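Grab a pencil and work through the exercises below. Try each one before you read its solution.

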Amino acid sequence: MVGNERASRFYCNPSRFDRVGAPVRRNLPRRSQDLLLPHYHSELDHRCEADGDLVLADGHRRQPCVLLKEGIQVVHDPVVVDEIAPNRLGMTPARQAEVDQFAVFRPRQSLPRQKGDDILVQQMRAAENAAALLSVVVPVYNEAHTIREILGRVARVPIPKAVIVVDDGSTDGTTQILRDLEASPQVLTRESGAIPFGFEVVVHEKNRGKGAAIRTGLARVTGDMVIIQDADLEYDPSEYPKLIQPILDGKADVVYGSRFLGYPRRVLFFWHTVGNNFLTLVSNMFSNLNLTDMESGYKVFRTEVVKSIRLRCDRFGFEPEITAKIARGGWRIYEVPISYAGRTYAEGKKINWKDGVGALWTIIRFNLLTEGADHAATTLQRVSQLSRYNAWLYEQISPFVGRRILEVGAGLGTMTRYLLDREQVVASDIDPRYLDALRATLGSRHNVVVQQLDLNAPVPGWVAKYSLDTIMCLNVLEHIEDDEAVLRRLHDALSPHGRVLLIVPAMRMLYGTIDETIGHFRRYERDELSAKLRRAGFLVEEARYINLIGVPGWFLNGRLLRRKSVPGLQARLNDLLVPVLRLERHFRPSFGMSLLAVGRKG
């Protein structure tokens with residue numbers, strides 16, 4: 001999209017509608033496609049007539065089609081594509097170029113309306129979702145009786161997908177069945193119809209375990225999302241749409257299908273249910289999640305999420321390992337109810353009590369060890385949960401906060417929530433996962449805009465239009481190598497007499513392994529930070545140390561114990577000691593764990 005143009009796309013059945021301009025939301029036949037011509041609200045004066053014709057502003061009439069009130073033309077018949085080419089619509093050259101740019105073919109989709117969404121948001125989401133590709137990783141071991149059926153069911157799901165089957169050393173003929181399917185791809189592509197479908201087979205020479213097969217499959221995924229599909233028919237692929245919906249809606253990074261929230265569910269082994277509930281309980285105790293089915297075989301991930309995690313378990317430990325590492329990384333998790341048709345051991349079930357014991361050890365191992373963890377995300381998540389401490393921190397800066405604010409490095413929106421009564425808030429970050437989280441939680445607010453911002457690059461043009469009187473940069477500047485250049489850019493981005501509010505880690509002597517691991521280039525002294533603000537053109541209104549009582553804990557963990565992330569106990573202790581921190585209002589500490597600085601543009 002270029003400039004401030006807005007293209008809207010919406011999938012509906014234009015040949016059937018309950019009333020003029022109201023499309024019937026139904027699943028449509030495979031193979032049918034729509035030509036979508038986005039129109040700009042300010043440029044056209046349409047009207048939709050009862051016979052389904054569309055009258056454009058230039059007087060051109062086209063049938064069959066339906067015009068939604070928001071200005072979306074949906075042409076139902078691919079045969080008429082040439083007939084409505086832009087150069088035959090009597091459009092201006094500029095309009096022809098716009099239509100050329102945005103007219104696309106998409107498979108039909110039928111997406112549910114979300115509560116609170118306006119129609120434009122739904123239309124734009126529908127267009128984006130239609131282009132999303134789902135990678136399906138199918139680990140398989142000795143499933144000759146079910147592999148054809150499960151792959152056929154996967155192929156019939158009306159979602160663009162690429163299937164990677166990993167045969168983990170099967171000995172019952174499964175390998176040959178897969179080779180035959182790979183040699184004759186039309187068998188599965190016929191099942192998928194017009195929906196894009198890719199198929200790949202990878203074979204392990206010997207059995208290595210489910211976790212190893214999943215790792216092999218994940219290394220080959222190319223889609224926007226990944227789902228793990230067992231080959232035993234216990235999980236129903238027709239539930240893919242509801243499993244991926246929270247990710248498509250921007251609400252989740254990971255989705256678990258819960259067998260205990262959904263139905264129908266085959267009634268089988270009591271002690272298996274007890275074991276599943278026990279393992280979920282122990283996992284939740286360590287990870288502080290509230291999952292109902294940690295061991296579920298249906299898990300969907302944004303591809304960049306699962307590829308950022310280093311997995312090690314070879315057997316059935318994949319479920320507790322991935323859960324521990326997702327929780328530690330602070331990713332957003334949703335659960336949705338699913339059906340479950342479990343198998344008996346006579347029908348081929350393979351998991352046993354030994355795997356349950358192994359899962360218990362895996363929970364303890366990967367929740368207590370920090371190997372491969374995203375320490376910066378872990379620290380951010382822990383700090384975001386300190387409600388008293390964060391409220392105290394905002395009290396320190398609130399006297400300087402104006403009405404039109406840019407928050408740099410908003411992260412999970414911990415501080416943004418204190419700004420919701422302001423006239424305009426621009427919450428920015430460089431990390432896509434935090435941008436998604438901000439949009440999901442705060443994007444519906446009329447006065448909040450979420451933008452990507454990289455402080456290492458020149459200030460983008462969109463900043464100027466907000467006439468900013470405040471830029472908040474809390475625990476961000478220390479992550480920038482050339483911090484003085486950033487301060488100069490922030491100075492230029494502010495309106496006259498605007499303020500920059502900084503909180504940075506203080507005292508060079510505290511610099512240790514935690515700082516190194518989470519990407520701090522430095523810790524600051526008060527005179528050093530004040531001088532840098534002045535050189536950037538600011539008048540220094542405030543520069544003082546805060547959080548005196550945090551110094552011993554940071555020195556202990558970062559310098560003496562050489563830890564790599566803020567321990568949960570230290571973080572919670574800081575939260576409990578907020579009444580002591582409030583005593584700092586009566587004196588100005590000569591040192592502290594952090595520095596608060598306020599610079600005003602002259």
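**Warm-up: salt bridges**

Counting with a cut-off of 4 Å between a side-chain nitrogen of Lys or Arg and a carboxyl oxygen of Asp or Glu, you get 29 salt bridges. Keep in mind that this is a predicted model.

**Exercise 1.** Take the salt bridge between Asp 230 and Lys 210, and work out which parts of the chain the pair ties together.

*Solution.*
- Step 1: check the distance. The two side chains meet with N and O 3.2 Å apart, and the limit is 4 Å.
- Step 2: place the residues. Lys 210 belongs to helix α6 (residues 210-218), while Asp 230 sits in the loop between β13 (225-228) and α7 (240-248).
- Step 3: put it together. The pair therefore ties together parts that are 20 residues apart in sequence.
- Step 4: look at accessibility. Asp 230 and Lys 210 are both buried.

**Exercise 2.** Glu 528 has salt bridges to Arg 508 and to Lys 532; find where each partner lies.

*Solution.*
- Step 1: start with Arg 508. Its side chain meets that of Glu 528 at 3.3 Å, N to O. Glu 528 is in helix α17 and Arg 508 in the loop between β21 and α16 (513-517), so this pair ties together parts 20 residues apart in sequence.
- Step 2: move to Lys 532. Here the closest N and O atoms are 3.6 Å apart. Lys 532 and Glu 528 are four residues apart in helix α17, which means about one helical turn separates them. Both of these residues are buried.
- Step 3: widen the view. Glu 528, Lys 532 and Arg 508 belong to a salt-bridge network that also links Asp 483 and Arg 522.

**Exercise 3.** Sketch the seven-stranded sheet and work out which strands stand at its edges.

*Solution.*
- Step 1: write down the order. The open sheet runs β19-β18-β17-β20-β21-β23-β22, with mixed pairing.
- Step 2: read off the ends. β19 (448-452) and β22 (538-546) each have a single partner strand, so one side of each has no neighbour in the sheet.
- Step 3: add the twist. On average, neighbouring strands are turned by 15° against each other, direction ignored.
- Step 4: zoom in on one pair. β17 (residues 404-408) and β18 (residues 424-429) run parallel and are joined by four bridges. Leu 406 stands opposite Val 426 in β18.
- Step 5: add the helix. α17 (residues 526-535) packs on the sheet and touches β21 (499-505), β22 and β23 (594-601). The direction of α17 makes about 160° with that of β22.

Conventions:
Residues numbered from 1 in each chain as written. Predicted model: local features only at pLDDT ≥ 70, side-chain atom pairs only at ≥ 80, totals over all residues. Heavy atoms only, no water. Pairing = 2+ DSSP bridges. Helix = DSSP H or I, 4+ residues; strand = E, 2+ residues; numbered from the N terminus. Axes fitted to C-alpha atoms, helices over the stretch in contact; angles between N-to-C directions. Contact = heavy atoms within 4.5 Å. Buried < 20%, exposed > 50% of the residue type's maximum accessible area, 1.4 Å probe, protein only.
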